[in-house]
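Work through the exercises below with the sequence and the 3D view at hand. Try each task before reading its solution.

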Amino acid sequence: MDGTKLTAQYAICTFSLGVLQNDDVWFDPPLPAWKAEAIYSMTMGTYTKIFLQFHQKFWFDTQFALYADSERGRYPVWQGLDIDGFLPGSGVVFATVTGDYSKRIEAMTDAQVQSEVMEVLRAMFPNVTVPEPTAFLFPRWFSDPLYRGSFSTWPASFVPQHRINLRAPIGRLWFSGEAMSEKYFGYLHGAYFEGEATGKQIVGCIKGQQCNPQPPILGIQNTYPYGV
Ligand SMILES: Cc1cc2nc3c(=O)[nH]c(=O)nc-3n(C[C@H](O)[C@H](O)[C@H](O)COP(=O)(O)OP(=O)(O)OC[C@H]3O[C@@H](n4cnc5c(N)ncnc54)[C@H](O)[C@@H]3O)c2cc1C
């Protein structure tokens with residue numbers, strides 16, 4: 001941002017798939033077509049937790065509760081944190097929305113979202129006088145330029161060779177992170193194992209030992225089996 005230039009023998013790019021799919025970060029020279037195609041072959045999902053804090057708990061004693069609405073995706077999953085093993089006495093409960101519903105509420109103000117969530121909560125507990133929360137918070141993962149979503153997913157049309165190309169280095173620029181994982185894409189352990197594997201491979205290259213990065217597959221066809 002301030003024009004500082006860093007030089008290194010190797011670099012590892014671990015931006016999320018969502019960041020790579022947006023124009024928050026520019027590569028010079030531009031990424032080759034096989035890499036760009038891989039980046040756009042996957043989709044970034046959004047998973048939004050909406051937290052509310054009250055003076056005291058008035059809800060369910062289980063970890064989870066489900067709310068059914070005629071509108072698909074309208075604040076369906078609820079989790080209480082004011083429970084043994086989590087944050088007893090906290091007065092915190094949260095709702096989860098995903099996908100298009102996440103994008104919808106990210107475009108709204110906090111006050112608008114709070115109003116909708118309170119409407120649902122009051123519908124869930126018609127015999128309770130539900131007060132306004134003392135605190136309200138939800139992260140906008142989709143709009144956040146450092147994330148642009150929560151985790152990668154494979155669309156129905158996904159061709160697995162694209163994952164190999166997403167991961168394949170360009171010269172000494174390597175790519176790592178959850179989206180590159182064949183078995184655990186979308187998950188923290190996918191990011192962990194991928195980071196570990198990339199780090200070890202680069203150490204091998206730096207030490208002049210084994211240095212055999214997987215080359216990209218050019219001319220991808222949909223004939224490659226899922227091998228896990
Ligand atoms: C709400 C939510 C719930 C989740 N639940 C689970 C779960 O239950 N279990 C699970 O296993 N996983 C879960 N995940 C997914 C998990 O968090 C991700 O898979 C994991 O964080 C991916 O790690 P990563 O290192 O690949 O990418 P990231 O965590 O996205 O790390 C990329 C890093 O790059 C940085 N960055 C981006 N752009 C720039 C830039 N321009 N300049 C400098 N730095 C930049 C970011 O700040 C970030 O630190 C959840 C994610 C979310 C959002």
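**Exercise 1: a tyrosine in a loop**

Tyr75 sits in the loop between strand S4 (64–66) and strand S5 (77–80). Helices (H or I, at least four residues) and strands (E, at least two) are DSSP runs, numbered from the N terminus. The model is a predicted one, in which local features need pLDDT of at least 70 and side-chain atom pairs count only at pLDDT 80 or more, while totals for chains, interfaces and linings use all residues. Residues are numbered from 1 along each chain as its sequence is written, and side-chain values use heavy atoms, with hydrogens and water left out.

Task: describe the backbone, the burial and the side-chain partner of Tyr75.

Step 1. Look at the backbone: Tyr75 has a positive phi of about 45°, although it is not a glycine.

Step 2. Classify the burial. Buried means under 20% relative accessible area, exposed over 50%, and partly exposed in between (1.4 Å probe, protein chains only). Tyr75 has 0% relative accessibility and therefore counts as buried.

Step 3. Find the partner. The side chain of Tyr75 makes a polar contact with the side chain of Glu116, at 2.6 Å. A polar contact is a pair of N or O atoms within 3.5 Å; within protein, one must be able to donate a hydrogen and the other to accept it, and residues adjacent in sequence count only if both atoms are side-chain atoms.

Step 4. Place the partner. Glu116 belongs to helix H4 (residues 110–124), and at 15% relative accessibility Glu116 counts as buried.

**Exercise 2: two more loop positions**

Task: state what the backbone does at Pro29 and at Arg148.

Step 1. Pro29 lies in the loop between helix H1 (17–21) and helix H2 (33–41). The peptide bond leading from Asp28 to Pro29 is cis, with omega near 5°.

Step 2. Arg148 lies in the loop between strand S7 (135–137) and strand S8 (151–153). Arg148 is not a glycine, but it has a positive phi of about 55°.

**Exercise 3: the cysteines**

Task: find which cysteines are joined and give the handedness of the link.

Step 1. Recall the chemistry: a disulfide is a covalent bond between the sulfur atoms of two cysteines. The criterion used here is a pair of cysteine sulfur atoms within 2.5 Å.

Step 2. Search the whole structure: one disulfide is found. This disulfide joins Cys205 to Cys211, with 2.0 Å from S to S.

Step 3. Read the torsion. About the S-S bond of Cys205 and Cys211 it is about 85°, so the disulfide is right-handed.

Step 4. Check the burial of each end. Cys205 counts as buried at 10% relative accessibility, whereas Cys211 counts as partly exposed at 33%.

Step 5. Turn to Cys13, which is in no disulfide; the nearest cysteine sulfur, that of Cys205, is 17 Å away. Cys13 is buried, with a relative accessible area of 6%.

**Exercise 4: the ligand**

Task: list the closest residues and the polar atoms facing the ligand's oxygen atoms, then say how far the protein covers the ligand.

Step 1. Collect the surroundings. The ligand is surrounded by 17 residues, and the closest are Leu146, Gly177, Glu178, Tyr187 and Leu188. A residue is near a molecule if one of its heavy atoms lies within 4 Å of it.

Step 2. Ask which helix contributes most to this shell. Helix H6 (residues 188–206) does, with three residues.

Step 3. List polar atoms next to ligand oxygen atoms:
- Leu188: a polar backbone atom, at 2.8 Å.
- Glu178: a backbone N or O atom, at 2.9 Å.
- Tyr147: a polar side-chain atom, at 3.4 Å.

Step 4. Give the cover. On its own the ligand has 990 Å² of accessible area, and the protein covers 64% of this. Such areas come from the Shrake-Rupley method with a 1.4 Å probe; for residues, only the protein chains shown count as cover.

**Exercise 5: distance along the chain and in space**

Task: compare sequence separation with C-alpha separation for two pairs.

Step 1. Val203, in helix H6, is partly exposed at 40% relative accessibility. Val203 and Tyr10 are 193 residues apart along the chain, and their C-alpha atoms are separated by 9.8 Å.

Step 2. Gly99, in helix H3 (residues 99–106), is partly exposed at 28% relative accessibility. Gly99 and Ala191 are 92 residues apart along the chain, with 21 Å between their C-alpha atoms.
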